[in-house]
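I have opened a fresh notebook page for this one. Come along while I look things up, one entry at a time.

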Amino acid sequence: MPESLTRREFMKELGKLGAVASLAPMVNLEEQASDKAVGLQRPSFIKTQDEPTSGVDWANVNRYAEFNTTRRSFTKYVGEEEVNRLTELRAANLDQWLKEGKDGYTLLDLAMQSGAGSGGVGRSFIGPQKAKTPEDLGVPKWEGTPEEAAMVVTTALRHMGAATVGFVELDTNTTEKLIYSHDPDGLELRIEDAEQPEETEEYRVIPKKARWAVVYTVQMSEETMARCPTPIGSMTTSLTYRRSENIQQRLQEFLRGLGYMGIGESSTNALGIAPAFGVMAGLGELSRLNRLITPEYGPMVRVFKLLTDLPLAPTKPIDAGIWDFCHDCLKCAEMCPPKNLSFGDATWEVRGGWNNPGHEAFFENSTACRSYWYSVGTNCGICFAVCPFSSKNLASFNRFRNSVAAKTRMFNKTFVSLDDLLYSPYRDQPDQPQKSAASWWKQNLPDYGIDTVQTVRETS
Amino acid sequence: MLWLIIGLVLGAAVYWLVTTEKVKLTWYEWVLALLGVILLLIAIQNYSASQVELEPRAGGFLLLLIGLPGLILAAVAGVLAFLRAKKA
């Protein structure tokens, strides 16, 4: 470069420098891609740690029977007479609201709810068992380090439709206790020294060698959830469950194709405690909802798990400030119409048989929640919809909030007030959806109503 | 495209401010203007992203909450420079 430059020469040299700087990352792109660390690439404010932010006393955790949740045992907790009353109330309300043309309960909305809840392939414990195994093909099974295995399973799952992926290694004294003692259908889940998983009319056998849990989330649409508690809101979960059925089957067949077992959920919410596995895999933290809240999507996910004998590098629990934020934020509890969520600090005292003791949580009154579901004729979802972390995070303000909340609790209440202003026009009318169902039909929505690059954007 | 246009406009404005003889900003006017422009850029990002997010209400409020202070800061810098230029 000459010692003195005219303005034109200076701009020319600057242009050359710019071109070099732009091309530099492309020079060894392939090498860079292979050097990428396995697992979620998250912002630095999300810290990994050995223990979850919510306390666990593993000595007092026992394997829980799923049929004790209000999902399966509502009648046991409230009595048959109350269930009958609520069933009649639900039928009467749905009938009245359909005929009145109530927002979110019109024929259009009910038809959409039915449509979105269709099309899944169902679930099974061992999968369809159709993929050709390495043995069928006359080759040895796929081998790799646990880190490589974690990488290929993550990539495969993302391509199959999962959002975030983590792994938990089962330990008899700790994480194995997150496997249900009984599945939703009442069948006992036995963990035994067996070569292959087995399913009879009374029990299911999980081979002891299936030591790794693949835990993954499937993203839900914020746009439909904002229409809770109407049928338009309700299809948020039903569509995601159907999508997740396909993902589970694909993963089972993928693992079979590699030469390994894929032990899945035999029905919705089977196999193990989803939020607990999500917490241990570092996909998120426990929350005032008593559900998982993730740094990427907030609570706007469903969480699923699958067991395998393919050794996988475990991912660690995280601290993204979510558990602390929930101590300062009461929004979900205040906006829950039956007031079933905890208003106090987290506790070790359970609220009923639907909770599993041995861990710290914001335990909820699950029967009040379920009763409200009957009265509105859907599975509600208001607490998910109004959570500040349910924001889509394209606007930089929300990413700024996430990073600040991860470091200090000082501004949490301010962030909640701002969230009220920005996203909750009906803050004082909890029964009222935050957005009208009629307006949903006029939206120009992305595929499945979700932004599938949200994780990529968050982490790049 | 939005950011390309904003970049071109800002670049032209800075070039004009640096080269023109009519207006000379003091150091504190540069600081005020810079802070104002940064806030305005953040406000525009939040507004446009909120539109993409299908959250126009949030976009409007964020534009107001972040953009208004930015506009005031930039305006203060401009008014100070204008008054000084008028006096001279």
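**Entry 1: a strand and its partners**

I began with a single bridge: I263(A) has L307(A), in β10(A), as its bridge partner. I kept in mind from the start that this is a predicted model. Stepping back, I saw that β7(A) pairs with strand β10 (residues 301-308) of chain A in the antiparallel sense, over two bridges.

Next I asked in what order the strands of the sheet lie. I found an open sheet of four strands in chain A, ordered β2-β6-β10-β7, with antiparallel pairing. Then I wondered which strands stand at the edges. They are β2 (165-169) and β7 (262-263) of chain A; each has a single partner strand, so one side of each lacks a neighbour in the sheet.

**Entry 2: helices on the sheet**

I looked for helices that pack here and noted α7 (residues 146-160) of chain A, which touches β2 and β6 of chain A. The direction of α7 makes about 140° with that of β2(A). I also noted helix α9 (residues 231-258) of chain A, which lies across β6, β7 and β10 of chain A and runs at about 20° to β10(A).

**Entry 3: nonpolar cores**

I turned to the largest nonpolar core, which has 89 residues. Those touching the most other members are F167(A), A213(A), V214(A), V215(A), F277(A) and C383(A). Which strand gives the most to this core? It is β6 (residues 212-219) of chain A, with six residues.

I picked A213(A) for a closer look. Leaving out residues up to four places away in sequence, A213(A) touches F167(A), V168(A), L170(A), F277(A), K305(A) and L307(A). Apart from the largest core I found another, of 17 residues, including A33(B), L39(B), Y47(B) and L62(B).

**Entry 4: a pair of helices**

I checked helix α3 (residues 70-78) and helix α4 (residues 80-100) of chain A: their axes come within 6 Å and cross at roughly 120°. F74(A), T75(A) and V78(A) of α3(A) meet E80(A), E82(A) and V83(A) of α4(A) in this contact. I sorted the contact residues by class and got three nonpolar, one polar and two charged.

**Entry 5: where the chains meet**

How many residues does each chain bring to the contact? I read eleven from chain A and 13 from chain B. On the side of chain A that touches chain B, α15 (396-407) and α16 (412-423) of chain A each supply at least two residues. There α16(A) gives the most, with three residues. By class, I noted seven nonpolar, two polar and two charged residues on that side of chain A.

Note on methods: Residues numbered from 1 in each chain as written. Chains lettered and ligands numbered in written order. Predicted model: local features only at pLDDT ≥ 70, side-chain atom pairs only at ≥ 80, totals over all residues. Axes fitted to C-alpha atoms, helices over the stretch in contact; angles between N-to-C directions. Contact = placed C-beta atoms within 7 Å. Nonpolar A, V, L, I, M, F, W, Y, C, P; charged D, E, K, R; others polar. Core = buried A, V, L, I, M, F, W, Y, C linked by C-beta atoms within 7 Å. Buried ≥ 20, exposed ≤ 12 C-beta atoms within 10 Å, placed from the backbone. Pairing = 2+ DSSP bridges.
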